[in-house]
Number of protein chains: 2
Amino acid sequence: MEQLLHSVKIGINEKIFVKDPESSNLGKRIIEESILMINEIGFESFTFKKLGVKIGSNESSIYRYFESKHKLLLYLTSWYWGWLEYQLVFSTNSIGDPIEKLGKAIEIVTRSTVEDSAFTHINEVILNKIVINEYSKSYLTKEVDMENKEGYFGIYKRMVNRIGDMIHNVAPHYAFPASLASTVLEGSLHQHFLKDHFSSLTDCHEKGGPTQYFTELVFSALKPELHG
Amino acid sequence: MEQLLHSVKIGINEKIFVKDPESSNLGKRIIEESILMINEIGFESFTFKKLGVKIGSNESSIYRYFESKHKLLLYLTSWYWGWLEYQLVFSTNSIGDPIEKLGKAIEIVTRSTVEDSAFTHINEVILNKIVINEYSKSYLTKEVDMENKEGYFGIYKRMVNRIGDMIHNVAPHYAFPASLASTVLEGSLHQHFLKDHFSSLTDCHEKGGPTQYFTELVFSALKPELHG
DNA sequence: ATTACATGATAGTAATACTATTATATTTGC
DNA sequence: GCAAATATAATAGTATTACTATCATGTAAT
């Protein structure tokens, strides 16, 4: 399994980058250190100039990989969703029972991220924090429709669709499978954020909090429509 | 009723502004036109300089009211939540039955905003669009904990708590009233956004879509714990 | 050794998000 | 009605941002 994972590469829309950061050492350091830096100082304060200083490289060299910091954010979050999708597919693929399958899927997308040794230059735990704090900013823009057309959000959409399909397989007559799937994915990020910054607005205080909350929420919504 | 509404002023944390925009004509025009402009060009492209040109005033004069565009966003969104809270309290206050009361509350916070003639200089329909597109940016910052301590998000939190309390009154043993309340408020904005930009990720396509989706979601979650 | 390509260094630009200062209206108190 | 106080406007200035452009240097492949 470790071997298998080591040969996996998360496939990201090539329009998001100018030059593939996976293709060079500098590229990998851009990814590695930008994750740490965005987490430390936030996306607004993050600049290519500061990143250049940190990795002992030059601003202009970073522009060879990404034409803007917005594109870098799209890259990082796409990578995260691709990585999570991989976990999802890998862990649910062999499950035959639709209910059990959906349960496992909810667990995977709502749990706190654990480290993954397969991608040495990417810290998934910290990347998860970035997704919680910054993902919305990647699509809450005036350019969203154009960028959506270009396929920049493809992995995320595929992820929502996968979960929506699982919901459909459990309850074929349920009227809101896509909305429920998007609520779980987006709502999970939100509950994790609330846990850290507005603790009175959530009940998900322990480690498994969001998983338990969303598992109950989804299955009680589907109960009246259960298949079979 | 119209008379009553005309005498109501939405109370906003005074630390958010330097000078109360409700206290002068210029202040009101700042609010009125900033809503239109942020909706048109998006919060990132919006600047006080551009706003000054639009209202025939000067950048420096706008800084007398708000020390930054971030604070102006906090003001606008606080106003929106205060306005919505008013609608919520007004419409549910006289309802005795907890189930009916919660149902009405969900309807009010998930429906598409309708015009309100009580506040002539504020277009609530457009302000609602701003909240959908920009509200997350007001708290997804490195300053969130400090600003939360200052009470900048007080109205929103009160709103979530009100709905959480209503949930609790319907189902006193339900374990996640605050999470469910925050899911409805935040999720509603998200479903409205998806409707406009990622229609394949939602099933809430018609006008009453989000209301029906969240009403079913909440009541099915509470069903096993129903009071009485 | 030559060429190609990746990276680095430097400079420059228009715009942003302000602050500071001074000037001119407008309102208010007497 | 006038002075004083206050509100608003005009102008200038600053550090930073988010880039683009050009040229130099290092390194790797033929």
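Helices and strands are taken here as DSSP runs, a helix needing at least four residues and a strand at least two, and both are numbered from the N terminus. In this predicted model, chain A counted in that way has 11 helices and 0 strands, and a reader who follows the chain from its N terminus therefore passes through the order α-α-α-α-α-α-α-α-α-α-α. The radius of gyration of chain A is 18 Å, close to the 17 Å that the globule rule gives for 228 residues, so chain A is as compact as a globular protein of that length.

The C-alpha trace of chain A spans about 60 × 40 × 35 Å along its principal axes, and 42% of the 228 residues in this chain count as buried. If one considers the contacts in chain A between residues at least 6 apart in sequence, 64% of them join residues that are at least 24 apart.

From the fold of chain A we can turn to the DNA. DNA strand C is surrounded by 15 residues, of which the closest are Leu26(A), Ser57(A), Ser60(A) and Ser61(A), together with Ser68(B) from the other chain named here. Two elements give two or more residues to the surface near DNA strand C, namely helix 4 (59–63) of chain A and helix 4 (59–63) of chain B. Helix 4 of chain B provides the largest share of this surface, with 3 residues. Sorted by class, the surface near DNA strand C comprises 9 polar, 4 charged and 2 nonpolar residues.

Terms used
Residues are numbered from 1 along each chain as its sequence is written. Chains are lettered from A and ligands numbered from 1 in the order in which they are written. This is a predicted model: local features need pLDDT of at least 70, side-chain atom pairs count only at pLDDT 80 or more; totals for chains, interfaces and linings use all residues. The radius of gyration is taken over C-alpha atoms; the globule rule is 2.2 Å times the number of residues to the power 0.38. A residue is buried if 20 or more other C-beta atoms lie within 10 Å of its own, exposed if 12 or fewer, and partly exposed in between; C-beta atoms are placed from the backbone. Two residues are in contact if their C-beta atoms, placed from the backbone, lie within 7 Å. A residue is near a molecule or strand if its C-beta atom, placed from the backbone, lies within 6 Å of it. Ala, Val, Leu, Ile, Met, Phe, Trp, Tyr, Cys and Pro count as nonpolar, Asp, Glu, Lys and Arg as charged, and the others, Gly among them, as polar.
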